[in-house]
Amino acid sequence: MHGLVWVKGRLVTGADSCLGVAERGFLYGDGLFETVRVYRGIPFAWRRHQARLAAGCEVLKMPFPGEEVEAGMQAVLSAAELTEGSLRVTVTRGEAPRGLLASPEVKPTVVIAAYPGEPYPPAAYRRG
């Protein structure tokens with residue numbers, strides 16, 4: 001991972017991003033993500049992506065950290081000066097002791113990574 005990344009409320013470089021070994025997203029895949037295309041500095045169809053994230057969190061019975069996601073997106077877009085590219089917005093259950101069920105008090109982890117440039121090679125647009 002390169003560039004700027006929002007991890008657990010902090011803007012860091014990709015090389016400095018780190019999750020704890022008790023992170024349930026890392027241990028169990030307990031989370032979800034959306035990849036959002038950015039055109040002219042604006043996340044395309046963001047409200048639909050946000051609604052899917054919120055609905056996914058509800059299905060997984062974990063709180064949706066909407067304010068942190070919004071703050072992280074704005075921080076990453078601004079700091080990375082991202083005009084064309086994509087964002088990967090990841091929300092996991094968070095860090096908790098091992099075991100099948102995490103406590104309801106566990107705070108979700110938010111990771112938002114910026115990827116500048118065209119996300120797909122030109123060949124992806126050709127037909128046939």
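Which residues in α2 are buried? This tour of a predicted model begins with that helix.

**Helix α2.** Select residues 46-59, the 14 residues of helix α2. Its end C-alpha atoms are 20 Å apart, in agreement with the 20 Å span expected at 1.5 Å a residue. Now highlight Trp46, His49, Gln50, Leu53, Gly56 and Cys57, which are the buried residues of α2. They lie on the same side of α2, because the arc they cover around the axis is only 125°. An α-helix has 3.6 residues a turn, so residues three or four places apart point the same way. Turn next to the other side of α2, where Arg47, Arg48, Glu58 and Val59 are exposed.

**Neighbours of α2.** Display β3 (31-39), β4 (42-43), α3 (66-80) and β5 (85-92); the buried residues of α2 pack against these elements. Then move to Lys61, which follows α2 and has a positive phi, near 60°.

**The largest pocket.** Keep Lys61 selected and add Arg93, Leu101, Ala102 and Ser103: of the 13 residues that line the largest pocket, these five are the closest to its centre. The space in this pocket amounts to about 180 Å³. Its lining comprises eight nonpolar, one polar and four charged residues.

**Leu27.** Finish at helix α1 (residues 24-28), in which Leu27 lies. Leu27 counts as partly exposed because its relative accessibility is 33%, between the 20% and 50% limits. Leaving aside residues up to four places away in sequence, Leu27 touches Val21, Ala22 and Arg98. Draw the C-alpha to C-alpha distance from Leu27 to Arg98: it is 8.6 Å, although the two are 71 residues apart in sequence.

Key:
Residues are numbered from 1 along each chain as its sequence is written. This is a predicted model: local features need pLDDT of at least 70, side-chain atom pairs count only at pLDDT 80 or more; totals for chains, interfaces and linings use all residues. Side-chain values use heavy atoms; hydrogens and water are left out. On a 1 Å grid over the protein atoms alone, a cavity is a set of points where a 1.4 Å probe fits but cannot get out, and a pocket is an open set with protein on both sides within 12 Å along at least five of seven lines; lining residues have an atom within 4 Å of a point. Grid points are joined across faces, edges and corners, and a volume is the space filled by probe spheres set on the points. Ala, Val, Leu, Ile, Met, Phe, Trp, Tyr, Cys and Pro count as nonpolar, Asp, Glu, Lys and Arg as charged, and the others, Gly among them, as polar. Helices (H or I, at least four residues) and strands (E, at least two) are DSSP runs, numbered from the N terminus. The expected span of a helix is 1.5 Å times one less than its number of residues. Buried means under 20% relative accessible area, exposed over 50%, partly exposed in between (1.4 Å probe, protein chains only). The arc is that of the directions from the helix axis to the C-beta atoms. Contact means heavy atoms within 4.5 Å.
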